[in-house]
Amino acid sequence: MATQEHCLSYAGCNFLRQRLVLSTLSGRPVKIRKIRSRDDNPGLRDFEASFIRLLDKITNGSRIEINQTGTTLYYQPGLLYGGFVEHDCSVLRSIGYYLESLLCLAPFMKHPLKIVLRGVTNDQVDPSVDVLKATALPLLKQFGIDGESFELKIVRRGMPPGGGGEVVFSCPIRKVLKPIQLTDPGKIKRIRGMAYSVRVSPQMANRIVDSARSILNKFIPDIYIYTDHMKGVNSGKSPGFGLSLVAETTNGTFLSAELASNPQGQGTAVLPEDLGRNCARLLLEEIYRGGCVDSTNQSLALLFMTLGQQDVSKVLLGPLSPYTIEFLRHLKSFFQIMFKIETKPCGEELKGGDKVLMTCVGVGFSSLSKTLK
């Protein structure tokens, strides 16, 4: 039994994933109290319980205690084991909710991870599988995580509320991560996108593409937006459509934006033309914010800088999101690491919003599960 002073204690359900992921990596147990204790329906939600079950599947020897009302959670992490795993995600959140955390943990398993996730592939809350594939995977490659077995494949799409999507993610293991120096984002050279439609007319995707291009063509000629219309069993259980856009720079930076239609029976119907135009504007805003990592992957980059070799890593980011700011506080609690943060005001050479240069020395993390045979 771990002594109480090693155990970190938190209150509330905010940032639950961050705390459990960092607890798993650092080996420090956490206790989270007062999870929605004042709510009409107190305790952990289905998607959080599903996330805890997923952690239990990919680790060996984790100890999880939840009280009767579900308002207190004690988690003592086991060793990251990996191997082949299947998991049915809760349809209340998209697969991206689970995948973001798996991207943080996968390189440090004992056996290479291959996981099949089922549920909602695209929704309005979490990063979609398309965006994670286009932005997070190239980011991991910068840290030296690469190989033939490194892939993320969408087998079926699933829209809320029914879900029915399926995704296969496989990741090789790495002993050490390379330090990075990402300080120059470069200029935007091309924009790629994916307009998808499931259980609606295939024409929807074409209408989205035309309206998105009507805005983006004013800025850059090299734009290609694929259309993806899945039929039959591959289209999940609910109708919907959406668009994800990714801008690539001359230095290999990827900035993304995405939008999805309202779930069936919820909210007002969205016109594909409006969705395409709004998504294009979101991408322009993300480009304005800039940096070498887009706002969805800021915390992923900072985590791998922390876990890297005992060497200096630098990354230039756009304005920090509230999620990232809380993540930095958690990194300090779990790994006792502080970042040097320098603001770079928008000058002559740096266009767009104010940037932040983050510098740290890695802790030289090596997973415990490597040494145990």
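**Internal cavities and buried positions**

The lining of the largest cavity draws its largest share, 4 residues, from H3. The model examined here is predicted. Helix H3 spans 95-105. Four further helices, H1 (16-26), H4 (129-142), H7 (298-307) and H8 (322-335), also each supply at least two residues of this lining. In total, 15 residues line the largest cavity. Those nearest its centre are Glu 100, Ser 101, Cys 104, Ser 299 and Tyr 323. The volume of the largest cavity is about 170 Å³. By class, its lining comprises 8 nonpolar, 5 polar and 2 charged residues.

The search covered the whole structure and found 2 cavities of 30 Å³ or more. The second largest has a volume of about 90 Å³. Here the largest share of the lining, 4 residues, comes from H4. Thr 135, Pro 138, Leu 139 and Gln 142 are among the lining residues. Leu 182 also lines the second largest cavity, as do Gly 252, Thr 253 and Phe 254. Cys 292, Val 293, Asp 294 and Asn 297 complete the lining. The class counts for the second largest cavity are 6 nonpolar, 5 polar and 1 charged.

Thr 253, one of the residues lining the second largest cavity, sits in the loop between strand S14 (240-249) and strand S15 (254-260). Its relative accessibility is 5%, so Thr 253 counts as buried. Residues up to four places away in sequence aside, Thr 253 touches Pro 185, Ala 247 and Glu 248. Gly 291, Cys 292 and Val 293 are also touched by Thr 253. Of these contacts, Cys 292 and Val 293 also appear in the lining of the second largest cavity.

Helix H4 also holds Val 131. Val 131 counts as buried because its relative accessibility is 1%. Beyond its neighbours within four places in sequence, Val 131 is in contact with Ala 136, Ser 244, Ser 256, Ala 257 and Glu 258. The C-alpha atoms of Val 131 and Leu 243 are separated by 9.9 Å. Along the chain, Val 131 and Leu 243 are 112 residues apart.

Helix H7 contributes at least two residues to the lining of the largest cavity. Since 10 of the 10 residues of H7 are buried, this helix is largely enclosed by the rest of the structure. The buried residues of H7 include Gln 298, Ser 299, Leu 300, Ala 301 and Leu 302. Leu 303, Phe 304, Met 305, Thr 306 and Leu 307 are buried too. Ser 299 is also one of the residues nearest the centre of the largest cavity.

Gly 318 lies in the loop between strand S16 (312-317) and H8. At 2% relative accessibility, this glycine is classed as buried. Leaving out residues up to four places away in sequence, Gly 318 touches Arg 289, Gly 290 and Gly 291. Gly 318 also touches Gln 298, a buried residue of H7. Asp 354, Lys 355 and Val 356 are further contacts of Gly 318. The C-alpha atoms of Gly 318 and Arg 207 are separated by 32 Å. These two residues are 111 residues apart along the chain.

At the level of domains, the assignment gives domain 1 (1-80) and domain 2 (188-289). The C-alpha centres of domain 1 and domain 2 lie 36 Å apart.

Notes:
Residues numbered from 1 in each chain as written. Predicted model: local features only at pLDDT ≥ 70, side-chain atom pairs only at ≥ 80, totals over all residues. Heavy atoms only, no water. Domains from an automatic or database assignment. Buried < 20%, exposed > 50% of the residue type's maximum accessible area, 1.4 Å probe, protein only. Contact = heavy atoms within 4.5 Å. 1 Å grid on protein atoms, 1.4 Å probe; cavity = no way out; pocket = protein on both sides within 12 Å on 5 of 7 lines; lining within 4 Å. Points joined across faces, edges and corners; volume = space filled by probe spheres on them. Nonpolar A, V, L, I, M, F, W, Y, C, P; charged D, E, K, R; others polar.
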